[in-house]
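Biologist: Could you take a close look at chain A for me, and then put it in the setting of the rest of the model? Plain bench language is fine.

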Amino acid sequence: MRSLKLSSSKQKWTSASGKRPPTRAEILRTTFLTVMMLIILAPVVWFVLSSFKDITDLSSRPPKILPTHWAFENYTEAFKMYNYKQYFMNSVFITSVATVLTLVINSMAAYAFSKYNFRGRDGLFVMTLAMIMIPLQVILIPIYLVVSSLGLVNTYWGMIIPAAATPTGVFILRQYMLTIPDELIESARIDGAGEFRIFARIVLPLARPALAVVAIFSILWRWNDFIWPLLIAQDEKLYTLPVALALLNGQLVVPYNIVLAMSVMSIIPVLFMFVFMQRQIIQGIAQTGLK
Amino acid sequence: MAIFLTFIIWPALRGIYISFFDSTDGRTFTFVGTANYKAIIGDPTAIEVAKATATYVVFYVLIATTLAMFFAIVVNEQKFAKGFFRAVLFLPVMLSPVVVGLIWNDVLDRKVGPLNALLEAVGGGSPGWLIEPKLGMIAVIFVGVWVHLGFYSIILLAGLQGIDRSLLEAASMDGATRGQIIRLIILPLLKPTTLVIIILATIHGFQSFDFIYTLTGGGPFGATTLIVQYIYDHAFQVPIQYGLGSAAGVILFMVIFAFTALNFLLGRKRDAI
Amino acid sequence: MKMQSLRSKIAIGLSVVLSAGLVATGLPSAHADTSGLQPTSAQLSAWKGKEITYYFYNDSQAELDITKAQIADFQKLTGATVKLDVIPFTSLDTQLQARIAAGNAPDVARLNNPGLYQSVSLNLETYLGRKYVEEFLKGSTFQVTDPKTKKLIGVPYDLSMNGPIINVDQFKKAGVAIPTSWNWTQLIAAAKKVQAANGTEYAFAMDKSGHRFSTVLSQFNSYMVDKNQRNVLPQSKTRAIKALKLITDLYKADSAPKDLWIGSGTKYASPVAVFVGQQVPVFFSGNFNLATLDSTAKFNFQVVPNPKELNGGGWPGGKFLTAFNTSKTPDLSAYFLHYLADKAQMEQMDKGAFWLPTRNDLVGSGMKYPKRAADMDVYLADTASTPAAAYGIQSVPTLTGLIYNYLRDLMTDVMGGKITAAQAIDKQIAWIDEKLATLKK
């Protein structure tokens, strides 16, 4: 391997544990990655630290890295002004139901696109692809008109159902299902398995990595959505965390230090999920191969 | 499928239909033919917006895909703390756009932001990242890349792991340099994945809106007003010109569609997708 | 000592000034009759169990708390339910447009741009009588009167007055006397002196708003639209340029927070955090910010009179209540609006959230604010000395907000050196002409 050749250079770094000294390539790589990680992490860390600063610290110049006094009151104030528990539960509910629904709908559509030959299939698929490209802002009012004529405004379903139609999910699943050998499905048919049985017993288990990816993206998308829920959730009881945050940020008089605290509170659940699930997330993505 | 029809296709078709009407309130519509399209073409702001969008998309796609590729290759070879690096890379992807905007507003502040404090400490002055048009564009491109880099890298990483290691080892035995291995083996094998990344990045680039809106509000002096904000401003901000907003939406859709179709066709020619 | 004498002076002067102001704007002094507006028992039984939606935004936590309490009382009173939808100010019009488009309009709304919703507003005269409008200060109802049909589409809820707020501690530390009257040159000199003595980041800050800047225009005796819907900016062009240059130069020189103004694109931005963080001694804002400052500022601050050039006084604005004609229970909606804007409720809101009354009876009896009375007196005095011409722009209610926003964006361009102050005023003139022409169609 190339790295072995490089290790013959003059560099002689010995680690304290007395293991094999790292090669120059390894040092370069680790240094490079560490610097890049700092660029990625530092702003987030800075932001979290800022949320513990009072308004005087926030406007001090040059900026202070650590707060002169840890303003936990930013958080207690934020808790007082906003019903965090309620918003959190709404976020969890909407995210999970929408994700389940997304998986069901998208996997069926993807199955049809990848394994059935019906007229206009390719046309429909291109249309699905095209739908990925429509920015929400463009069709916001027409969608709103549809949702409201169905009487779904100001309901959980109004936030969940339109969101479940995510063309990106269909795209990812379809790409993956193309790799499932047709022979498998054919032989199941010959054995007399029904279409739904084939789908549920053969296709879905095989598509598990792709489903995991779609599930993860769906969770991320739904958790962070705010433009749509802001429009649909008219009642405070229906607010999700990002909606409450957008509200807080949009109210021009909410003190900035409290906005910061609320922002951090809104990303904590995501960070938790991330810390505990990052392996699954990344392996899931890795396994789909997304080719 | 009914859900797709109801919540995406029907609204989209309606959007196209509305683009031929004039409406100041979303309730009453007057047919105006192609007047909205003509108005956009004749609008000097729209030209600025088109230029800004083009600049943003070109740089965003170039930088994001190149960096993601670089990252993926480096992380793939990394042994020490590989999982950690992968994880951190993915972190910004998970943040909501509002939070992203707030974070960078804080970091890039000309006076109390840590970046300028750092620059001042090394004698780099204190540039107005969010108040000078060129710097504003650089800032939003940078933040756009910051947000999505992890997403693209992870997908590429997946592609890399799919490459047969014995192939690389054989090449290395034959005395190929690292550069040669990357250029002649890895990159060609990654082409399909790269295409997916380029398609996604192009779409993301054209659709960028919410974090920019929180970060710069389209400023300074309109320098970061991209097409989606133009649409949003016309459709939702007073004076409301809903038909005009829809027309701009249709134009955006056609542009993205053309780009994607091009990518797709190029890809298909090489059996990529 | 100084404070004391100032207060007594204002107290003595106030009644005189106020009545003079009322005469100046031609306000009726008699209170309108409201006795006919108690709900009948038939109405009460019809309203029982009905629900209406109140579309609301707030400038301070106090406003929200008071509103919730008032709704609870209203529900007891009528047996109806009021659903309170709190909307962020930044998406107030966006969301309302979408709801109206979908035939899903609220019943009652608190708005700052009621002219936009003329065509879907409930004509209040039908439910509250022709005399109802006379309960309110005359100048304050322009924006809720349909210029064509003269129908009443809403009521003024807060008069809203602009003016400077200063950091008293910083003024004292700098040894600069608290101003009782000043002009712009003196204001800027004082602000810079206080800035230097305290080492603050800025000397002066203004809300990013064409409405706030119109105050300065008025002080230089420059106006954009008169009460006959005519573009009058050309007449005072040189003075307008001077005023625009005065403010934008402060920003250009970094004496005012230009990052906040320019860095927020076309969005509204308020330097309230800069003032609370004690980085600016003079903050040009309005009474609606007092409640927030009162609960967050950890230093002494005070409202001081507007600077006087050719004119003194401030600039009128306002928050309005509107009901919608799509309401299923229009009489209940109208009655709810009436309830909120009624003497007792408005007095409670004015006192708790530092609003300025829009009702003749409250103005006539002289509001006694339990807190910050001296500050509110300054606003009241400035209200009284605001020239009548300042109300002219409200004769074009559908354009008022747009004119302010266009001016605000031109100011941004001037601050960035994209155009000169003179070019900005020329553009503003041309733009107003163009918009007024569309009105005539």
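Modeller: Sure. A word on terms before we start: helices and strands here are runs assigned by DSSP, with at least four residues for a helix and at least two for a strand, numbered from the N terminus. Counted that way, chain A has 15 helices and 0 strands. Bear in mind that this is a predicted model, with an ipTM of 0.85 and a pTM of 0.84.

Let's stay inside chain A for a moment. Of its 291 residues, 45% count as buried. Among the chain A contacts with a separation of 6 or more, 71% are between residues 24 or more positions apart.

A good helix to zoom in on is α9 of chain A, residues 167–177. It is largely enclosed by the rest of the structure, because 10 of its 11 residues are buried. The buried ones run from Pro167(A) through Gly169(A), Val170(A), Phe171(A), Ile172(A), Leu173(A), Arg174(A), Gln175(A) and Tyr176(A) to Met177(A). Notice that Arg174(A) and Gln175(A) are on that list too.

Now turn to the neighbour, chain B. On the chain A side, 61 residues are in contact with 69 residues of chain B. The helices of chain A that give two or more residues to that side are α2 (24–50), α5 (84–115), α6 (121–132), α7 (136–149), α8 (156–164), α12 (208–224), α14 (241–250) and α15 (256–288). By class, this side of chain A has 44 nonpolar, 12 polar and 5 charged residues.

Then there's the largest nonpolar core, which has 281 residues; Leu156(B), Phe204(C), Ala205(C) and Phe336(C) touch the most other members. Helix α7 of chain B, residues 133–161, gives the most to this core, with 16 residues. From chain C, the core draws at least three residues from each of domain 1 and domain 2. If you click on Leu156(B), you'll find that it touches Ala68(B), Met69(B), Ala72(B), Leu190(B), Thr193(B) and Ile197(B), leaving out residues up to four places away in sequence.

That brings us to chain C. Its domain assignment gives domain 1 as 31–160 + 317–367 and domain 2 as 162–315 + 391–440. Taken over C-alpha atoms, the centres of these two domains of chain C are 29 Å apart. Where they meet, domain 1 of chain C puts in 22 residues and domain 2 of chain C puts in 18. Helix α3 of chain C (residues 61–78) gives the most to the domain 1 side, with 3 residues. That domain 1 side has 9 nonpolar, 10 polar and 3 charged residues.

One more spot in chain C is Ala203(C), in the loop between α7 (184–198) and β6 (204–206). It counts as buried because it has 23 C-beta neighbours inside 10 Å. Beyond four places in sequence, Ala203(C) is in contact with Ala191(C), Lys192(C), Gln195(C), Ser255(C), Ala256(C), Val280(C), Pro281(C) and Val282(C). Its C-alpha atom is 9.9 Å from that of Leu187(C), 16 residues away along the chain.

A caution on confidence before you go. Chain C has a mean pLDDT of 87, with 91% of its residues at 70 or more. Residues 1–36 of chain C, though, stay under 50, and the model has 45 contacts for them beyond four places in sequence. Where pLDDT is low, the predicted coordinates should not be read in detail.

Note on methods. Residues are numbered from 1 along each chain as its sequence is written. Chains are lettered from A and ligands numbered from 1 in the order in which they are written. This is a predicted model: local features need pLDDT of at least 70, side-chain atom pairs count only at pLDDT 80 or more; totals for chains, interfaces and linings use all residues. Two residues are in contact if their C-beta atoms, placed from the backbone, lie within 7 Å. Ala, Val, Leu, Ile, Met, Phe, Trp, Tyr, Cys and Pro count as nonpolar, Asp, Glu, Lys and Arg as charged, and the others, Gly among them, as polar. A residue is buried if 20 or more other C-beta atoms lie within 10 Å of its own, exposed if 12 or fewer, and partly exposed in between; C-beta atoms are placed from the backbone. pLDDT is the predictor's confidence in each residue, from 0 to 100. Domain bounds come from an automatic or database domain assignment. A nonpolar core is a set of buried Ala, Val, Leu, Ile, Met, Phe, Trp, Tyr and Cys residues joined through C-beta atoms within 7 Å.
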